[in-house]
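Morning, everyone. I'd like to walk you through one model today. Have a look at it, and then we'll go through strands and rings.

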Amino acid sequence: MFATLCSRGRVLRREANVYMRRHRIQRGAAALAVAMILLFGMTLVAFFANRTMIFEQRTSANQYRYVKAFEMADAGIEWAIARLNDPLTLTANSCVPAAGSGLVSFRDRYVRPTAASGSYTSGWLNPLDTTAFPGCEMDPTTGALACGCPAAGSAALANTTSPRFRLQFRPVAGDQLAVEIISRGCTNGDPCDPNQAVSSATDGTAIARVLVKVRPTLPTGPSAGLITGSTTVISGSMNVVNSDPAGNGITINTGSTVDLSGGGPNLTIESSPGTTPAASILDNDPSLLQLTNADSTGERFFASFFGEGFTDFQSNLETKVITAGPSGSAANGTCSGGNDCGAAVKYWADRGFTKFWVVPPTSPASDNKVSFSNSFIPNNGSLGSPDKPIAVATPGQIDVSGNVTLYGIFYAATATATDDLSIPGGGAAKIIGALISRGDFSKTGNGNLSVIYNSNLFGGKGPPSGILVPVPGSWRDKATPY
């Protein structure tokens, strides 16, 4: 009995040991399976995390390249507007300012303001469109621009790894005073021409485009050849001519009286055919007199012709300010009076400027003038031109002498602004455009002065002039048309 029980116990222990071994094996297999599942799950998590990180890195790199290209494209728009409003003439196929015969400004090279033609009843902008692409590349280290302004073809940008932009100027259908600027920015050596397809080697590219339109230099302009806010007395040799239909034949417009009794046979008043000289003179004009006395400085009188006050006119991008200075350095924008101030105007007109604010010395009184004479306009020369007239405004006086021809509008603003305007020593000077004095005007002397009104110099059929400003709401960042 005892032996049987012992044998039975040994059997049970063996069975128990077998069971325990099997149980341990099963638990180990389960643990291994769980571990493998966890490892697989962690591997998937790591894989997707790494994939997401790589995707984000690529997205971030693409975004960085696009933003850089976009900023270059937008910078191209700003650069183009600034250069279009810079009147300085440039060397041939270059962006470098220079003076010389035949040189033109950035605007004249690419936008080409043009007088009326058979297809256009008034002056218009005639951009080069698809034949020339100025542009710049930027040094990534210093931010400095290296630019090219070719008369034809694409700007040569030497460093193929630098970010860059190139520009295209296009006409605007239905608006002859507007131009579209298209700027394409690139981050590497892509040709970056706005009218070309994106290169397969392009790293990043973007388009920006905007419409700009002319804000005229003279939004209203004068309506007569000789305009004075007060009395006009002509006792010397003078011709006043207005046969321009746009000027309604008005030769002299004054806020007070006109005295021509001293002119004699040396005085000629010419108007539209069929209009008598007396009928062409608009004197005692109440609206003009009201403007003359509207304020103590004459700013409202000035603004009625120029569309802006003294401060805005002087700060205008198109205006060259010349002030009194003992050295009289035209290059530094100073003059010491008389011919010196006129010579400073000529110096900067030769370099592309068309608007001038000139402040001559106030002492001595004989120097308080801007004189235009043969001394700096030799050989019966001219200042300004029919296609590019100038606007000269001064708080002093204006004097003209010799056989010179001036194109544009000439304005003097003091109380007796051009009092005793004379042409000493003979000569036959011409002002094609208009002569304006806020105060009195007096013409004496033997030399002849002709004032010939021409509305085309103030808009109309002449080439449009004025600041080019962006049209609100016209900015786009896509290549497709508006």
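Start with strand 9, residues 164-172, and strand 10, residues 175-186. The two run antiparallel, and nine bridges join them. Keep in mind that this is a predicted model. Pick out one residue, Gln 168. Which residue in strand 10 is its bridge partner? Ile 182.

Now step back to the sheet. Strands 9 and 10 sit in an open sheet of six strands, in the order 7-6-9-10-11-31. The pairing is antiparallel. As a reminder, strands of a sheet pair through backbone hydrogen bonds, either parallel or antiparallel. Which strands are at the edges? Strand 7, at 145-148, and strand 31, at 466-470. Each of these pairs on one side only. Ignoring direction, neighbouring strands in this sheet are turned by 25 degrees against each other on average.

On to the aromatic rings. How many aromatic pairs does a search of the whole structure find? The count is 23. Take Phe 106 and Tyr 110. Their ring centres are 4.7 Å apart, and the planes stand at 55 degrees, so this pair is tilted. Stacked would need under 30 degrees, and edge-to-face over 60. Both residues are in helix 2, residues 106-110. They are four residues apart there, so about one helical turn separates them. Buried or exposed? Phe 106 has 1% relative accessibility, so it counts as buried. Tyr 110 also has 1%, and it is buried too.

Next pair: Phe 302 and Trp 357. This one is edge-to-face, with 6.0 Å centre to centre and 90 degrees between the planes. Here the pair links distant parts of the chain. Phe 302 is in helix 4, residues 299-306. Trp 357 is in strand 21, residues 355-359. They are 55 residues apart. Phe 302 is buried, at a relative accessible area of 0%. Trp 357 is buried as well, at 6%.

These two also belong to one aromatic cluster. Its other members are Phe 301, Phe 305, Phe 306, Phe 310, Phe 313 and Tyr 411.

Last topic: charges over rings. Look at Arg 351. Its charged end sits over the ring of Tyr 347, 3.5 Å from the ring centre. Then Lys 320. Its charged end sits over the ring of Phe 353, 6.0 Å from the centre.

That's my tour. Over to you.

How values were computed
Residues numbered from 1 in each chain as written. Predicted model: local features only at pLDDT ≥ 70, side-chain atom pairs only at ≥ 80, totals over all residues. Heavy atoms only, no water. Phe/Tyr/Trp six-rings, centres within 6.5 Å; stacked < 30°, edge-to-face > 60°. Buried < 20%, exposed > 50% of the residue type's maximum accessible area, 1.4 Å probe, protein only. Lys NZ or Arg CZ within 6 Å of the ring centre and 35° of its normal. Pairing = 2+ DSSP bridges. Axes fitted to C-alpha atoms, helices over the stretch in contact; angles between N-to-C directions.
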